[in-house]
Amino acid sequence: MTGGPDLRTELDLAVIGGTLVSATGRTTADIGIRDGRIVAIVEPGVPLVAGATIDATGRHLLPGLIDVHSHHREPGFTHKEDIVSATSACAAGGVTTSFAMPNVQPPPNTAERLAAMLALYADRAIVDYNINAAGTVLEEIPRLAEMGIAAFKVFMVIDTGRDYPHMPGIGVHDHGDLFRIFQRVAETGVPLMVHPHDQALMTAIEERFWERGERDFRAYARAYAAHDGIIWDAAAALLLRIQRATGTQLHLLHTQTRGVIEQLRAAKAAGQAVSAEINPWAVFLGNDWANIERLGSYALSYYVPESNTDPLWAALNDGTIDLVSTDHAPHLREEKEPGWTDGWKAHTGTPSTQFYLSLLLDASAAGRISLERVVDATATTPARVFGLGGKGRLEVGADADIAIVDLTAEFEITDDLVLSTCGWTPYAGRRVRGQVVATLSRGEVVYVDGAVVGRPGRGRQARPAGHPSVTSSAIREVNRA
């Protein structure tokens, strides 16, 4: 246990009686908070003089979640979601830092556009945030990197038959263009997130379905999972090879096949600078064909054939898959409904940020994953990978970002609980064990007793302290070759 500089000086807040959970274990302790940071962690009973006290007896304290992959929809698509509703859902779900994706309008692929988007967040966000700038304009990449972003984002996909959610300006699938982006991003030392997708293979696969007159939600689901996930495996192989050539710190999105898992294991064994994430839909929703039949496009994101489920859990548990992030992707019902007859006309993606911690806590209660690994995958590792040194841990000196949870509370997820603008969740009707009862962002209560109490505009940009795994001099030498 460690104390602050002077426990006789009044603290802003004390959280007492709870069990602190880290990536390595659990301990019963009291926390003292001042100026938004944890300044004391003491044994129960040690006096803490504070202006306010939260009694967390019987509850577990987790580091606030860091969701590095979320679609907030503002600017340009605020009929689906906006910054206030997205960060409200974050607060209710124990998420204290959320990274916004760049498929908005206009996309943040220039410094001017990113500055305007950051200004929107400074005015409206309830929790802390960052924005994954679109690294699609080579000459803008150095300027974007200087603006405190934690990652760049590139989609290897341009939608067929629709212009959203993967619109022009953010999609790149030409291998030479990707190589140039990797080289330029490597020089900045900022990680590059990539949505893997082999467009040429997907075109050939889609055409065969369409020739047979198959376009409904079943055809769409099967097309994206065709040939044991060939579009995912082939794209991952290319990305990992480009990463090896350029030294770029690669973060691979949408891990969902055994083939990608095998490639990740080999790349990591070879010492490549690569991390990977899994999204909730890969193990809680799209991995059960019964959900596809029942929900149609409301369950898609993607169909992940059931044979992948156990390998995905194993890879998450052993660290081959580094972290969990949501791919939170709200759409209105009228944007999903066309998918019953034409899956290619429905906007793809599912909302999840409000409930993914409860889904993981429920999986932990069922023995699928340890509580410590849940903390590691949702907070500690995201902070490490993206350089957020002050977040992701309950330690003296860290930001007082805390999710207070009741591991014994059971509840049914319903559409009535949804805070996102879309107003629905594909997890409606599911009973889960494990509930967020309060969320603190930098020592301020932003959610408690079922209500969001944080004010818009209190969130701050979570800026990385640096990415030491990338050595810029070595990368420049590789890129000259």
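Two strands are taken to pair if DSSP finds at least two bridges between them, and the pairing described below for this predicted model rests on that criterion. Strand β14, residues 250-252, and strand β15, residues 274-278, meet it with 3 bridges in the parallel sense, and within this pair His251 stands opposite Ser275 of β15. The two strands belong to an open sheet of 6 strands, in which the order is β11-β12-β13-β14-β15-β16 and the pairing is parallel. The sheet is bounded by the edge strands β11 (133-134) and β16 (323-324), each of which pairs on one side only. In general, the strands of a sheet pair through backbone hydrogen bonds, in either a parallel or an antiparallel arrangement.

At the level of the whole chain, 15 helices and 20 strands are found. The C-alpha atoms fill a box of roughly 75 × 55 × 40 Å when the extents are taken along the principal axes. For 481 residues, a compact globule would be expected to have a radius of gyration near 23 Å, and the 22 Å computed for the chain agrees with this expectation.

Two helix pairs were examined in detail. In one of them, helix α4 (residues 175-188) and helix α7 (residues 226-246) have axes that come within 10 Å and cross at roughly 45°, and this angle makes α4 oblique to α7. The crossing in which α4 passes α7 is right-handed. On the α4 side the contact is formed by His175, Leu178, Phe179, Phe182, Gln183 and Ala186, which meet Leu238, Leu239, Ile242, Gln243, Ala245 and Thr246 of α7. Sorted by class, the residues of this contact comprise 8 nonpolar and 4 polar residues, with no charged residue among them.

In the other pair, the axes of helix α13 (residues 356-365) and helix α14 (residues 371-385) come within 9 Å and cross at roughly 150°. Because angles over 145 degrees count as roughly antiparallel, α13 and α14 are assigned to that class with respect to each other. The crossing of α13 and α14 is likewise described as right-handed. The residues of α13 that take part in the contact are Tyr356, Leu357, Leu360, Leu361 and Ser364, and their counterparts in α14 are Leu371, Val374 and Thr378. The contact of α13 with α14 divides into 6 nonpolar and 2 polar residues, and no charged residue is present in it.

Technical notes. Residues are numbered from 1 along each chain as its sequence is written. This is a predicted model: local features need pLDDT of at least 70, side-chain atom pairs count only at pLDDT 80 or more; totals for chains, interfaces and linings use all residues. Side-chain values use heavy atoms; hydrogens and water are left out. Helices (H or I, at least four residues) and strands (E, at least two) are DSSP runs, numbered from the N terminus. Axes are lines fitted to C-alpha atoms, for helices over the stretch in contact, and angles run from 0 to 180 degrees between N-to-C directions. Angles under 35 degrees count as roughly parallel, over 145 as roughly antiparallel, 65 to 115 as roughly perpendicular and the rest as oblique. A crossing is left-handed if the near helix is turned anticlockwise from the far one by less than a right angle, and right-handed if clockwise. Contact means heavy atoms within 4.5 Å. Ala, Val, Leu, Ile, Met, Phe, Trp, Tyr, Cys and Pro count as nonpolar, Asp, Glu, Lys and Arg as charged, and the others, Gly among them, as polar. The radius of gyration is taken over C-alpha atoms; the globule rule is 2.2 Å times the number of residues to the power 0.38.
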